Amino acid sequence: MPSRISALPGFAEAAARSAARDWPVIVRATGGAPVPQFPGMLNVALAYRLDADRPWSLDDGYRHLAHLLTGALKPLDLVVEIGEIADAFCPGRYDLSLGGRKIAGLAQRRRRATDGGQAVLAHACLLVAGDVAAPFGALAAFEDSFMPDRKWRVEASTTLGAHLGSNDVMADVIGAITETLLSAPTP
């Protein structure tokens, strides 16, 4: 849960009800929108420092992570697209999708360093395996209890496992991303 949502009226009560349903709510420092965490989700985070003289916009940070992930998934014969899936959870311009259904949301946080540079944390929540109905159903119940204008649909998302014929999708995806990160240049 991004911290800005924790300040909304009704948040504490909704979080308590969600925790009672075995879906605890945890506040995070990065932006975006609420995202459920479950065993089939892979969180990928990049942390790096930018020198003060390095022009690097928020869009540059999102593009960098999005292109790393799409490139990593190509060897698995997955053609991932970048662009907002408007009726999916946590919509953003740099959503990753397969066949028009969201497989990842990206977020980032930046801090100014004392020397004028920046510390950047860019992360993605990648839906790898399992059934998304339970975690996204829990998220919908949480949001609907105090944010009644929810516009996303569970069906707008899918997992990589739904598109791969693998016995161990998580291991395959982690391997592909690790290989890419080991050879990718840092910003």
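## Packing notes: cavities, pockets, cores and rings

1. Let me start inside: strand β4 (101–112) gives the most to the lining of the largest cavity, three residues. Strands and helices here are DSSP runs, numbered from the N terminus: E over at least two residues for a strand, H or I over at least four for a helix. A cavity is a set of points, on a 1 Å grid over the protein atoms alone, where a 1.4 Å probe fits but cannot get out, and lining residues have an atom within 4 Å of a point.

2. Before going on, keep in mind that this is a predicted model: local features need pLDDT of at least 70 and side-chain atom pairs count only at pLDDT 80 or more, while totals for chains, interfaces and linings use all residues. Numbering runs from 1 along each chain as its sequence is written, and side-chain values use heavy atoms, with hydrogens and water left out.

3. Back to that cavity. Its volume is about 40 Å³, a volume being the space filled by probe spheres set on the grid points, which are joined across faces, edges and corners. The lining is made up of R28, V35, C90, G105, L106, A107, H123 and C125, with β4 and β5 each supplying at least two of them. By class that is five nonpolar, two polar and one charged. (Ala, Val, Leu, Ile, Met, Phe, Trp, Tyr, Cys and Pro count as nonpolar, Asp, Glu, Lys and Arg as charged, and the others, Gly among them, as polar.)

4. The whole structure holds two cavities of 30 Å³ or more. The second largest has about 30 Å³ of space and is lined by V44, L65, L68, L69, A72, I177, T180 and L181. Helices α3 and α5 are the elements that give two or more residues to this lining, and α3 has the largest share, four residues. The classes come out at seven nonpolar, one polar and no charged residues.

5. Now the open spaces. A pocket is an open set of grid points with protein on both sides within 12 Å along at least five of seven lines. The largest pocket has a volume of about 350 Å³. It is lined by 18 residues, and P24, I26, V35, P36 and Q37 are the closest to its centre. β5 (118–127) and α4 (133–144) are the elements that give two or more residues to the lining, with α4 giving the most, four. Sorted by class, the lining has 13 nonpolar, four polar and one charged residues.

6. The second largest pocket offers about 200 Å³. Of its 14 lining residues, P91, E143, R150, K151 and W152 lie nearest the centre. Here the split is nine nonpolar, no polar and five charged residues.

7. On to the cores. A nonpolar core is a set of buried Ala, Val, Leu, Ile, Met, Phe, Trp, Tyr and Cys residues joined through side-chain atoms within 4.5 Å; buried means under 20% relative accessible area (1.4 Å probe, protein chains only). The largest one has 31 residues, and I103, L126, L160 and V173 touch the most other members. β1 (41–50), α3 (58–73), β3 (96–98), β4, β5 and α5 (169–183) each supply at least two residues of this core, and α3 gives the most, six. Apart from this core lies another, of 22 residues, including F38, F89, C125 and A140.

8. I103 is worth clicking on. Beyond its neighbours within four places in sequence, I103 is in contact (heavy atoms within 4.5 Å) with residues including L73, V80, L126 and L160.

9. Last, the rings. Phe, Tyr and Trp rings (the six-membered one for Trp) pair if their centres lie within 6.5 Å; planes under 30 degrees apart are stacked, over 60 edge-to-face, and the rest tilted. There are seven such aromatic pairs in the whole structure. F11 and F146 have ring centres 6.0 Å apart and planes at 75°, so they count as edge-to-face. F11 sits in helix α2 (residues 11–20) and F146 in the loop between α4 and α5, so the pair ties together parts 135 residues apart in sequence. Both F11 and F146 are buried. F89 and F136 make a tilted pair, 4.8 Å centre to centre with 45° between the planes. Since F89 lies in the loop between β2 (81–82) and β3 and F136 in helix α4, this pair links parts 47 residues apart in sequence. F89 is buried at a relative accessible area of 1%, and F136 is buried at 0%. Ring pairs also join F11, F142 and F146 into a cluster.

Conventions
Buried means under 20% relative accessible area, exposed over 50%, partly exposed in between (1.4 Å probe, protein chains only).
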